[in-house]
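Got the viewer open and a selection tool ready? Let's take a walk through this one, stop by stop.

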Amino acid sequence: MNRLWIENGTFVTMNDEQLIFEGHLVIENDRIVYLGEEPPTPPPADARRMSGKGLLFMPGLINTHGHAAMSLLRGYSDDQNLQVWLEEKMWPMEGKYTDRDAKWGASLAVVEMLKSGTTTFVDMYDRMSIVADVSLQSGIRSWLTRGVIGLCSAEEQKHKLAEAIDFAREWDGKGNGRVRTMMSPHAPYTCPPAYIEQFVQAAHDYNLPLHTHMSESAAEVEQNVRDYGTRPVEHLDKLGFFSRPSFVAHAVHLNDEEIALLAERKVGVSHNPASNLKLASGVARVPALLKAGVTVSLGTDSAASNNNLDVFDEIRLAALIHKGVSGDPTAVPAITALQLGTVGGARTLWQEHELGQLKVGMKADFIAVNIEQPQYYPRTDLISHLVYAGSGRDVAHVWVDGVQVVDNGQCTQMDEEKIRFEAQACFDALCGN
C-alpha cells in the first residue's frame with residue numbers, strides 16, 4: 001500500500017467547490033483519498049509524510065498535441081512558413097529517422113515534459129511502440145497514435161493503416177491504463193477522402209477515438225476548397241470523422257458555421273498558440289470556441305516548431321494573445337487559461353472524471369510548484385502568478401498515478417544525462433556529422 005500525506009501545502013484544485021486553500025492531501029496508491037484544510041482524522045496509518053511548506057500543489061498539466069520524437073529537430077529549421085518548414089525541412093530529415101532516433105527523441109521530449117509539469121501528453125507520430133515503451137518507463141500518462149500520411153501508393157496506405165490498427169489494439173490500456181491509443185490520419189490535405197473513411201471505419205470497429213490536424217493554415221483551407229469543394233470542417237464531417245469521439249489540432253482558420261458544427265458534434269480543439277505563432281499560421285478563435293461550448297485544451301506541438309514543451313508557456317500565451325488580437329483584456333482570463341491546460345485537457349481526452357482536478361476519488365496526477373521565489377510575491381493572486389509569472393522551471397515535484405516521477409527537479413525513472421547524450425548523438429548522425 002502506497003500512502004502519502006502532504007501537510008500544510010497550498011492547493012489549487014481547479015474545481016468550483018474550493019479553488020485554492022492551505023491544507024492537506026492524502027493519496028493511497030493511484031488515487032486521492034483526502035483533501036481538506038484540516039488534517040485527516042484519523043491520521044492515515046503507515047503514510048509517508050511530506051511537508052508542503054513553500055509549495056503549491058495543482059493538477060498535472062495535459063498536453064493534447066505533439067510529436068515527441070521531433071525534439072531531435074529543435075532549432076534545426078526556424079523562421080519558415082508551415083509548408084516550407086514541413087515539406088522541405090522536416091519531412092526529409094524525418095525520412096532518415098531510425099528506431100534509435102525515435103527512442104531518444106521521444107525520451108528527450110518526455111523528460112522535458114515531466115520536469116515542466118506535464119503529466120499527460122498526446123503524441124501523433126510513427127514507430128509508436130517505441131514511444132509507448134518510453135512512456136511506460138518514464139511513468140508519464142500518454143495518449144498515443146500512429147499518425148499516417150496517405151500521399152503514397154494503395155499498397156503502402158494499406159500497410160500503414162494495418163500498422164496503426166495493430167499498434168492501437170496492442171497498447172491500449174497498458175501500464176495500469178496510463179497508455180491509451182487512438183487512430184489518426186495526419187490531415188485532410190495529406191490523406192485522400194476514401195483513406196480517411198477507412199480510419200473512421202477502423203475507429204468504429206475497434207472503439208477508438210480519432211485525432212487529426214485541421215485548418216492550421218489559410219493555405220491548407222484554400223487547398224481543401226480547391227480539391228474537394230468544401231472547407232475542412234464540413235469535409236471531415238461528411239467523411240464521418242466526427243461520428244466518433246474526436247478532437248483536432250490547431251483549428252486556426254474557422255468561420256462561425258464551422259465553430260457551431262464542432263460544438264454540435266462535440267469535437268474538441270487542441271489550441272497550439274506558440275507553434276501557430278512561430279509558423280505564422282495565425283491565432284485560433286479561442287474566445288468564440290469557448291463561447292460556443294467547444295472544449296478547448298492546449299498543445300505544444302513539436303519542439304521543432306515551438307521550440308519547447310512547457311505547457312505553462314502555452315497557458316501564458318493563451319491568456320495574452322487573445323487579449324491582443326481582440327482588444328478585449330477579458331477575452332481569456334487567467335483562470336480560464338489555467339483551465340485550458342488542466343480541466344480542458346481532461347475533457348478533450350474524455351477523462352474529466354479522472355484527471356484535470358484535485359478531488360477525492362480522482363487519479364493522483366499532480367505537481368508541486370516552488371512558490372518561494374520572487375515571481376510569486378507579493379501573495380496577491382496565486383492564479384495570476386502561475387499564469388503570468390510562472391513557468392515549468394518552477395516545478396519541483398511531479399506525481400503520476402500516485403508515483404513520484406520527478407523529485408526536486410530530477411526524473412526518478414529516467415537517466416537524463418544519458419538521454420541528453422544519446423539525443424545529441426542521434427542529431428549528429430542525422431546531419432552526417
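Which element gives the most to the lining of the largest cavity? Select β7, residues 118-125: with three residues, β7 gives the most to that lining. Keep in mind as you click around that this is a predicted model.

**Stop 1: the cavity**

Stay here for a moment. The count comes to one cavity of 30 Å³ or more, and about 80 Å³ of space lies in the largest cavity. To find its centre, pick Gly 66, His 67, Ala 68, Met 113 and Leu 309, the closest to it of the 16 lining residues. Now add α2 to your selection: α2 and β7 each supply at least two residues of this lining. Colour the lining by class and you should get seven nonpolar, seven polar and two charged residues.

**Stop 2: Ser 116**

Next, click on Ser 116, which sits in the loop between α2 (99-115) and β7. Is Ser 116 buried or exposed? Ser 116 is buried, because its relative accessible area is 6%, and the cut-off for buried is under 20%. Show its contacts, leaving out neighbours within four places in sequence, and you'll see Leu 61, Leu 309, Asp 310, Phe 312, Gly 392 and Val 395. One of those, Leu 309, you already picked at the cavity centre. For a sense of distance, draw a line from Ser 116 to Gln 404: the two are 288 residues apart along the chain, and their C-alpha atoms are separated by 14 Å.

**Stop 3: the pocket**

Now for the largest pocket, which holds about 590 Å³ of space. Select Trp 91, Glu 94, Tyr 125, Ile 149 and His 186; of the 28 residues lining the pocket, these are the closest to its centre. Which element gives the most to this lining? Highlight α1, which gives the most, with five residues. Then bring in the other contributors: α1 (82-94), β7 (118-125), β8 (141-148) and α4 (154-171) each supply at least two residues. So β7, which you met at the cavity, turns up in the pocket lining too, if you read the two lists together. By class, expect twelve nonpolar, seven polar and nine charged residues in the pocket lining.

**Stop 4: Leu 340**

Jump to helix α12, residues 334-340, and select Leu 340. With a relative accessible area of 3%, Leu 340 is buried. Beyond residues up to four places away in sequence, Leu 340 touches Val 286, Leu 290, Val 296, Ser 297, Leu 298, Ala 318 and Gly 345. Try another line here, from Leu 340 to Ala 132: they are 208 residues apart in sequence and 25 Å apart in space, C-alpha to C-alpha.

**Last stop: the whole chain**

Zoom out and switch to cartoon. You're looking at 15 helices and 18 strands. The radius of gyration is 21 Å, close to the 22 Å that the globule rule gives for 433 residues, so the chain is as compact as a globular protein of that length. Along the principal axes, the C-alpha atoms fill a box of roughly 65 × 45 × 40 Å.

Now turn on a surface. The protein chain exposes about 16900 Å², with carbon and sulfur atoms supplying 48% of it. Buried residues make up 59% of the 433. And if you draw contacts with a separation of 6 or more, 72% of them join residues 24 or more positions apart.

Notes: Residues numbered from 1 in each chain as written. Predicted model: local features only at pLDDT ≥ 70, side-chain atom pairs only at ≥ 80, totals over all residues. Heavy atoms only, no water. 1 Å grid on protein atoms, 1.4 Å probe; cavity = no way out; pocket = protein on both sides within 12 Å on 5 of 7 lines; lining within 4 Å. Points joined across faces, edges and corners; volume = space filled by probe spheres on them. Helix = DSSP H or I, 4+ residues; strand = E, 2+ residues; numbered from the N terminus. Nonpolar A, V, L, I, M, F, W, Y, C, P; charged D, E, K, R; others polar. Rg over C-alpha atoms; globule rule 2.2 N^0.38 Å. Buried < 20%, exposed > 50% of the residue type's maximum accessible area, 1.4 Å probe, protein only. Contact = heavy atoms within 4.5 Å. Areas by Shrake-Rupley, 256 points an atom, 1.4 Å probe, with all protein chains shown as cover.
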